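This report goes through one protein chain, part by part. Please keep the sequence and the 3D view open while reading.

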Amino acid sequence: MQNRLMKRFKPDLSAGLGIRVVIPGRVFRNEDLDARHEHTFHQLEGVLVDENINAGHLIATLKTFLEAYYHQALEVKTQPFYFPFTEPSFEFAISCPFCAKAGCGVCSYTGWIELLGCGMIHPSVLHEAGIDANKYTGFAWGMGIERFVMMKYGIEDVRHFHSANLKF
């Protein structure tokens, strides 16, 4: 979807508006199933492209959203990772909103929860969308919606979402 929407909204760049989209969708993965991982889930993908966009904008945007979602101040950290369409790429983690970094079962007693993947859109991806990578930069991120719902409402197992359990 990222490529389709960058192509669709490319005229907005010339108008000085930038490209800012959030895209929901269903994801299918070859995944080992456990309480936190499911082969089918819903993802929210975000894309922002404009002039002079950098990783600081990415981190600030995600931090602002997550603090509003969890209704509290959070610490954030990134660690390098590999995603094929971004460079640099990061895993984005937040301080555990349940234990304030003291360590609990939700964060596996680390005080941190890795939530999503993100990074700066690779110049070749911009080029493929017909966007001048010398003038424009951007970032992208993707997060599993079920994981965010689990954390907000204390749901212990992602498999409940597809279990057909009426009590759930």
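The sections below cover confidence, the sheet, the cores, one helix and a few single residues.

## Model and confidence

The structure is a predicted model. Its protein chain has an average pLDDT of 90, and 98% of the residues score at least 70. Confidence varies between the elements: the lowest mean in the chain is 84, in H4, while the highest is 96, in H3.

## The sheet

Six strands form an open sheet with antiparallel pairing, and their order across the sheet is E1-E2-E6-E5-E4-E3. Strand E1 (19-28) and strand E3 (76-81) are the edge strands, since each pairs on one side only. From one strand to the next, the twist averages 25°.

Within this sheet, E5 and E6 run antiparallel and are joined by five bridges. Gly119 can be used to find this pairing in the view: Ala140 of E6 stands opposite Gly119.

## The nonpolar cores

The largest nonpolar core contains 25 residues, and Ile94 and Leu116 are the ones with the most contacts inside it. H2, E4, E5, E6 and H4 are the elements that give two or more residues to this core. A separate core of 15 residues lies apart from the largest one; Leu13, Ile19, Ile121 and Ile131 are among its members.

Which residues does Ile94 touch, not counting residues up to four places away in sequence? Leu66, Tyr70, Leu74, Glu75 and Val76 are among them, and so are Gly111, Trp112, Ile113, Leu115 and Met151. One of these contacts, Met151, is also a buried residue of helix H4.

## Helix H4

Helix H4 spans residues 145-153, and its buried residues are Glu146, Phe148, Met150 and Met151. What covers these buried residues? Strand E2 (40-50), strand E4 (86-95), strand E5 (112-121) and strand E6 (137-144) are included in the cover, together with helix H2 (55-70).

After H4 comes Gly154, which has a positive phi near 70°.

## Backbone details

Two residues other than glycine are listed here for a positive phi. Asn52 has a phi near 60° and is placed in the loop between E2 and H2. Is Asn52 buried or exposed? With a relative accessible area of 65%, Asn52 is exposed, because the cut-off for that class is over 50%.

Lys101 also has a positive phi, near 70°. Its place is in the loop between E4 and E5. The relative accessible area of Lys101 is 34%, so Lys101 is classed as partly exposed.

A further backbone detail is found in strand E4, which holds Pro88. The peptide bond that joins Glu87 and Pro88 is cis, with an omega of about 0°.

## Ser124

Ser124 is in helix H3, which covers residues 123-128. Why is Ser124 called partly exposed? Its relative accessible area is 43%, and a residue counts as partly exposed because its value falls between the 20% limit for buried and the 50% limit for exposed.

Ser124 can also be compared with Glu31 in position. These two residues are 93 residues apart along the chain, and their C-alpha atoms are separated by 28 Å.

Notes:
Residues numbered from 1 in each chain as written. Predicted model: local features only at pLDDT ≥ 70, side-chain atom pairs only at ≥ 80, totals over all residues. Heavy atoms only, no water. Buried < 20%, exposed > 50% of the residue type's maximum accessible area, 1.4 Å probe, protein only. Helix = DSSP H or I, 4+ residues; strand = E, 2+ residues; numbered from the N terminus. Contact = heavy atoms within 4.5 Å. Pairing = 2+ DSSP bridges. Axes fitted to C-alpha atoms, helices over the stretch in contact; angles between N-to-C directions. pLDDT = per-residue confidence, 0-100. Core = buried A, V, L, I, M, F, W, Y, C linked by side-chain atoms within 4.5 Å.
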